[in-house]
Amino acid sequence: MGTFTRWRRLLSTYTWASDVVTVSFTAHGLSVGDKVYLNFTSGGATADGVYTVKVSATNPFDVALSGSGTAGSVVAYRNLTTSPSDLN
């Protein structure tokens, strides 16, 4: 599955609507096509896992997740130094 490194700012918020999760994360540095591991800690999204960035702006980024639900909190990780099994 790859390895991931934890961002300095671990906790962020997200919204989930029309098959898109938008993660509010200031200066994340991600580009379209980058992989992220998302651990949803509250709200309606429960499918923790690796996602591909679909849309990226300076602060938020979007990933695809079928469905829609309530907003909540998420912990985000980006590649390279920790295996996903070590993230919990």
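**Exercise 1. Find the backbone oxygens that lie close to polar side-chain atoms of His-28, then place this residue in the predicted model.**

Solution.
- Step 1. Start with Pro-60. Its backbone oxygen lies 3.1 Å from a polar atom of the His-28 side chain.
- Step 2. Turn to Ala-57. Here the backbone oxygen is 2.8 Å from a polar atom of the side chain of His-28.
- Step 3. Apply the cut-off. A polar contact needs N or O atoms within 3.5 Å. The Pro-60 distance is 3.1 Å, and the Ala-57 distance is 2.8 Å.
- Step 4. Locate His-28 in the chain. It sits in the loop between strand E2 (20-24) and strand E3 (35-40).
- Step 5. Is His-28 buried or exposed? Its relative accessibility is 3%. Buried means under 20%, so His-28 counts as buried.

**Exercise 2. Work out how strand E5 is paired.**

Solution.
- Step 1. Take E2 and E5 (residues 60-64). Five bridges join them, and the two strands run antiparallel.
- Step 2. Pick one residue pair. Val-20 has Ala-64 in E5 as its bridge partner.
- Step 3. Now take E4 and E5. Three bridges join these antiparallel strands.
- Step 4. Pick a pair again. The bridge partner of Ser-56 in E5 is Phe-61.
- Step 5. How many residues does the hairpin from E4 to E5 pass through? Three residues make the link.

**Exercise 3. Describe the surroundings of Ala-47.**

Solution.
- Step 1. Place the residue. Ala-47 is in the loop between E3 and strand E4 (49-56).
- Step 2. Check its exposure. The relative accessible area is 35%. That falls between the 20% and 50% limits, so Ala-47 is partly exposed.
- Step 3. List its contacts. Leaving out residues up to four places away in sequence, Ala-47 touches Phe-40 and Leu-65.
- Step 4. Compare sequence with space. Ala-47 and Leu-65 are 18 residues apart in sequence, and their C-alpha atoms are 8.3 Å apart.

**Exercise 4. Identify the residues and strands behind the largest nonpolar core.**

Solution.
- Step 1. Count the members. This core has 17 residues.
- Step 2. Which residues touch the most other members? They are Tyr-14, Val-21, Val-23, Val-36, Leu-38, Phe-40 and Phe-61.
- Step 3. Trace the core to its strands. At least two residues come from each of strand E1 (4-17), E2, E3, E4, E5 and strand E6 (69-79).
- Step 4. Find the top contributor. E3 gives the most, with three residues.
- Step 5. Add the general rule. In soluble globular proteins, nonpolar side chains tend to be buried together.

Technical notes. Residues numbered from 1 in each chain as written. Predicted model: local features only at pLDDT ≥ 70, side-chain atom pairs only at ≥ 80, totals over all residues. Heavy atoms only, no water. Helix = DSSP H or I, 4+ residues; strand = E, 2+ residues; numbered from the N terminus. Buried < 20%, exposed > 50% of the residue type's maximum accessible area, 1.4 Å probe, protein only. Polar contact = N/O pair within 3.5 Å; in protein donor to acceptor, adjacent residues only side chain to side chain. Contact = heavy atoms within 4.5 Å. Pairing = 2+ DSSP bridges. Core = buried A, V, L, I, M, F, W, Y, C linked by side-chain atoms within 4.5 Å.
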